[in-house]
Structures are given as C-alpha cells and as structure tokens.
Amino acid sequence: MSEIYDVIVIGAGPAGYPAAIRAAQNKLKVACVDEWQNTDGSYAFGGTCLNAGCIPSKALLESTELYQRAKDEFVTHGIKFGDLKVDVGAMQKRRAAVVKTMTNGINALFKANGVIGIQGHGQLLPGNKVLVKAADGSEKTLQAKHVVLASGSTPIRLKTVPHDGKYIVDSWNALEFDAVPARLGVIGAGVIGLELGSVWRRLGSEVTVLEALPQLLPMVDQTIAKEAQRHFKKQGLDIKLGARVLSAAVSGGAVDLVYADAQGEHSVQFDKLVVAVGRRPFTAGLLADGTGVAVDERGFIEVDEHCKTKAANVWAVGDVVRGPMLAHKGKEEGLMVADLIAGHYGEVNYKVVPSVIYTAPEIAWVGQTEEQVKQSGRPYKVGTFPFAASGRARAMEAGSGMTKMVSAKDDDELLGVHIIGPMAGELISEAVLAMEYSASTEDIQRTMHAHPTLAEALHEAALAVDKKAIDGLNR
C-alpha cells in the first residue's frame with residue numbers, strides 16, 4: 001500500500017520547505033522529499049540557498065568585509081592593529097557552522113510542525129503519485145491529493161568552459177576554496193559573479209570579471225549601476241564588458257582562457273575560474289511520462305498566476321517556474337500554494353519583488369527603474385539623496401552611495417525605489433511595504449523617520465522628488 005498524504009512537496013529549498021510547513025499549519029498531512037547532498041556526503045534540507053548559495057555566501061561576505069574594514073578603515077576610527085592576518089580555514093569553518101545551524105533548524109521546524117521529511121529523489125508519476133528513490137537504491141511510492149514541485153535550479157555550464165570542480169568551478173565550489181587564489185577569473189558580472197568576486201578580491205586575489213553584455217547590471221536602474229561600477233573599479237575588480245569567452249582549458253595547474261571583445265581576441269591565465277553565468281530550472285528526473293505537467297522551451301514548468309500547472313492538483317513554485325530566481329519570491333509562492341490548497345486566500349504580488357546584491361556598498365531595488373518608466377511613456381519625477389549627507393552614514397564611515405525614488409507625476413504613486421549604500425538590503429523593506437500598500441511619495445514624506453538613521457535617506461529622497469529635501473540639495 002502507498003503512503004497517502006494530503007500534500008507532498010518535492011524539494012526542500014526556500015520555496016519547498018515553507019510550503020510544507022504552511023500546509024502542515026493548515027492541518028494537512030504533509031511530506032517533503034529532498035535529495036540535496038553536500039560535498040562531504042551528508043544530506044541536508046534547505047536546497048541551494050541554505051547549503052551552497054544565499055547563506056554561505058553571506059557568511060563569507062560578512063567575514064571578508066570585516067577584514068577589509070579592519071585593514072583599511074579601522075585606523076580612521078583610531079583603532080590600530082599589529083600584524084593583521086587572514087585564516088581562510090577558520091573562515092570556512094565558520095561558514096560551514098552557520099550553514100549547519102540553519103539546515104538543522106529546518107529539521108527542527110519540520111518536527112515542530114508535523115512535516116515528514118524524506119531524503120531521496122522525488123519523481124512525479126501520473127495520478128499524483130510520487131516515486132522516492134533513496135541513496136541506497138531503495139524505492140517507495142507515495143500517494144498525494146496535491147503535489148507541489150519545488151525542485152529549484154542549478155548553475156548553467158558552458159560547453160566551451162569544461163567544469164572540473166577544481167580549477168574551473170561553479171558558484172558552490174567557489175564558496176569552498178581552502179586558499180586564496182592569486183589570480184581569479186569570473187565569467188559573468190551578475191549578482192553571483194560580483195558577490196564571489198568581492199569575497200576573494202578582499203582577501204587579496206587579483207580578480208578579473210568577464211561579462212559578455214556591453215552594460216553592467218542592465219536590470220538595475222542605470223544611475224545606481226554606474227555608481228556601482230565606479231565603486232567596483234575602486235575596489236580593484238577588473239570588470240571587462242563586452243567580453244565573450246571563446247574557450248578555457250586547464251594546463252599545468254592553471255586555466256588558459258581566450259575571450260574576444262571589440263579590440264579582438266585576448267588570452268589570459270587564472271589559477272581558478274568561476275563560471276557564474278546564471279542558473280536554469282532543475283527538472284532532471286522530476287517528471288515521469290504522462291503526468292500532464294507542461295515544460296516550456298527554457299525548461300521552466302508552466303504555471304498560471306497561482307502556480308497551478310496544467311495537471312490537476314499539481315503545483316510548481318520557486319526557481320522552477322517563471323519570474324526572478326529569488327529565494328523570497330519562491331517562499332511567497334510556496335506559502336500561497338499551501339494556503340490555496342487548504343481553501344484559504346493566497347496571492348503573490350509580482351510587481352513588488354525586492355532584489356539585493358550583497359556587495360559593498362550593497363545594492364537593492366524594488367519596482368520599476370527610471371529607464372522602464374521612461375519607456376512606458378508615463379510622466380514621472382525623480383528624487384535622490386546621497387549617503388554622504390547622512391549623519392548616521394558618516395558616523396559609520398559609510399557615506400558612499402545614494403537612494404533614488406521614481407514616482408508618477410499624475411497621481412504621485414511610488415513606482416520604484418533604488419539604493420546603493422550601507423545596509424541597502426535592509427532599507428529596501430520600507431519601500432517594499434510602501435509599494436505593497438500603493439503608497440504615494442507624499443505618504444513617505446509625511447512619515448516620521450528616527451534621527452539619526454540610515455532610513456532618513458529614504459525620507460529625504462522622497463522629499464527630493466518634489467524638491468523639498470531638507471538635508472540635501474534640490475536639483
């Protein structure tokens with residue numbers, strides 16, 4: 001006899017495990033199947049985000065930023081060191097401990113909420129059955145009223161740059177280097193490439209970032225992107241735009257790479273090469289024949305606005321469906337689906353999805369860029385405020401960057417907020433909440449902000465939209 005559940009979730013990443021927990025909170029019988037295996041052979045829930053992405057990268061970004069500040073900034077505060085050293089082994093040990101704590105936390109949450117966690121590869125069969133293949137080769141079939149597909153994504157690999165896991169690596173491998181590479185190459189100047197490049201640059205690597213597009217961060221408001229490019233150059237990141245990688249091969253313990261740009265072909269050598277050109281949906285072995293689930297030409301599972309697939313009572317959420325590949329977007333989809341399954345209300349507002357790049361300074365945004373609003377033809381107005389004019393930022397020795405607001409001229413609707421500066425990833429939440437409630441610029445103008453805080457920069461940017469800024473120049 002098959003084990004029978006109300007809901008089976010395939011995938012325990014940031015979209016899957018919240019879906020499982022919420023379904024259990026809704027008094028449903030839930031199982032969550034996941035096959036993640038770490039490089040040390042251990043199994044863990046949490047998916048890429050907790051094990052090899054969001055969390056370990058932030059641990060290393062934090063450690064290396066502290067080192068950078070101790071080396072270059074602390075003397076300004078009157079704090080002096082003797083011989084400052086980096087212990088990469090201790091840094092990596094801390095990273096692993098942070099990850100272990102978080103993944104163990106999911107086990108505890110599953111237990112507390114009554115979710116049955118199952119290690120193994122889950123495959124959807126016709127009739128809403130799920131075949132689970134364990135690592136030891138054993139198999140069992142589960143039956144569900146509803147199945148939620150949350151299998152996540154995997155790094156894209158380039159045919160011309162053969163991955164070997166030692167010299168030519170992906171983002172996961174790049175988080176586990178046991179020594180600082182003298183010469184590090186990064187293919188792709190997106191979020192992952194810039195964050196990884198920043199980690200190893202701070203520790204002393206000579207970092208070259210090769211980006212095929214002619215423009216840095218095209219998805220970011222270009223005022224912010226240009227400011228970011230200036231800071232990255234100052235930090236020593238050598239970002240080559242319009243650089244198309246032709247080939248790469250390992251020779252004599254190094255990587256020989258050839259790329260082409262407007263000036264012709266160039267050869268360069270690296271000790272390590274990170275391929276960070278994006279991610280693709282992970283659906284290997286996920287769907288058996290006859291399930292009725294449709295997959296588009298790019299590998300994404302086709303769903304409607306409520307994440308329903310074309311198969312009855314089969315849902316899909318997170319990186320495996322359309323939209324930005326962001327953990328928080330996947331989480332909200334998982335919660336929506338779990339509530340809809342239980343007969344409750346559920347919705348995701350895809351117009352208000354924040355994005356963050358955890359470089360220094362951080363970059364964060366929500367809503368439309370100025371370029372997008374301009375292209376739409378809607379009359380608009382813009383306000384900016386530099387962190388250099390923020391007393392709190394100055395006190396933190398973090399006066400780089402700015403906040404920017406884009407609002408509609410006709411009804412004052414807040415259309416987009418863009419930040420580059422200290423704690424941008426935290427500050428953006430105020431803008432997300434404002435836009436979720438369809439706030440006007442005046443709403444933010446009339447909201448009291450504590451002094452002195454970084455959040456005042458948002459207040460001043462809102463005032464600047466109507467040329468009413470108090471602590472900055474109205475341009």
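Leaving aside its neighbours within four places in sequence, which residues is Asn128 in contact with? The sections below take up this residue, and then other parts of the structure, which is a predicted model.

## The surroundings of Asn128

Asn128 belongs to the loop that runs between strand E4 (121–125) and strand E5 (129–133). Once neighbours within four places in sequence are left aside, its contacts are Leu142, Gln143, Ala144, Lys145, His146, Val147, Ala312, Asn313 and Val314.

Asn128 has a relative accessible area of 12%. A residue counts as buried under 20%, so Asn128 is buried. One of its contact residues, Lys145, also offers a backbone oxygen, which lies 3.2 Å from a polar atom of the Asn128 side chain.

## Ser57 in helix H3

A second buried polar residue is Ser57, for which the relative accessible area is 9%. Ser57 is part of helix H3, which covers residues 54–72.

Two backbone oxygens are reached by the side chain of Ser57: that of Gly53 at 2.7 Å and that of Cys54 at 3.0 Å. If residues up to four places away in sequence are not counted, Ser57 touches Leu175 and Glu195.

## Helix H4

Helix H4 comprises 26 residues, 88–113. At 1.5 Å a residue, a helix of this length should span 38 Å, and the end C-alpha atoms are indeed 38 Å apart, so the two values agree. At the start of H4, the backbone nitrogen of Gly89 has a side-chain oxygen of Asp87 within 3.1 Å. After H4 comes Gly114, with a positive phi near 80°.

Which residues of H4 are buried? They are Val88, Met91, Gln92, Arg95, Val99, Thr103, Ile106 and Phe110. An α-helix has 3.6 residues a turn, so residues three or four places apart point the same way. The buried residues of H4 pack against several elements: helix H1 (16–25), E2, H2, H3, strand E3 (116–119) and H6.

## A parallel sheet of five strands

Five strands form an open sheet in the order E8-E15-E9-E10-E11, and their pairing is parallel. Strand E8 (168–169) and strand E11 (238–241) are the edge strands, each pairing on one side only. Strands of a sheet pair through backbone hydrogen bonds, either parallel or antiparallel.

Strand E15 (residues 272–275) joins E8 through two bridges and E9 through four bridges. In the pairing with E8, Ile168 stands opposite Leu273 of E15. On the E9 side, Ile187 has Val275 of E15 as its bridge partner. Both faces of E15 are covered, with Lys272 and Val274 buried on one side and Leu273 and Val275 buried on the other. E9 also pairs with strand E10 (residues 206–211), in the parallel sense and over five bridges. Here Gly185 has Thr208 of E10 as its bridge partner.

## Aromatic pairs

How many aromatic pairs does the structure hold? There are four aromatic pairs. In one of them, the ring centres of Trp36 and Trp172 are 4.8 Å apart and the planes stand at 35°, so the pair is tilted. The pair links distant parts of the chain, 136 residues apart: Trp36 lies in the loop between strand E2 (30–34) and helix H2 (47–52), and Trp172 in helix H5 (residues 171–174). Trp36 and Trp172 are both buried.

Phe177 and Trp200 form another pair, with ring centres 5.3 Å apart and planes at 45°, so this pair is tilted as well. Phe177 is located in the loop between H5 and strand E9 (183–187) and Trp200 in helix H6 (residues 191–202), so the pair ties together parts that are 23 residues apart in sequence. Both Phe177 and Trp200 are buried.

## Lysines over tyrosine rings

Where does the charged end of Lys272 sit? It sits over the ring of Tyr167, at 5.5 Å from the ring centre. Lys272 is also one of the buried residues of strand E15.

Another lysine, Lys29, lies over the face of Tyr5, where the distance to the ring centre is 4.9 Å.

Definitions and conventions. Residues are numbered from 1 along each chain as its sequence is written. This is a predicted model: local features need pLDDT of at least 70, side-chain atom pairs count only at pLDDT 80 or more; totals for chains, interfaces and linings use all residues. Side-chain values use heavy atoms; hydrogens and water are left out. Rings of Phe, Tyr and Trp (its six-membered ring) pair if their centres lie within 6.5 Å; planes under 30 degrees apart count as stacked, over 60 as edge-to-face and the rest as tilted. Buried means under 20% relative accessible area, exposed over 50%, partly exposed in between (1.4 Å probe, protein chains only). A charge sits over a ring if NZ of Lys or CZ of Arg is within 6 Å of the ring centre and within 35 degrees of the ring normal. The expected span of a helix is 1.5 Å times one less than its number of residues. Contact means heavy atoms within 4.5 Å. A polar contact is a pair of N or O atoms within 3.5 Å; within protein, one must be able to donate a hydrogen and the other to accept it, and residues adjacent in sequence count only if both atoms are side-chain atoms. Two strands pair if DSSP finds at least two bridges between them.
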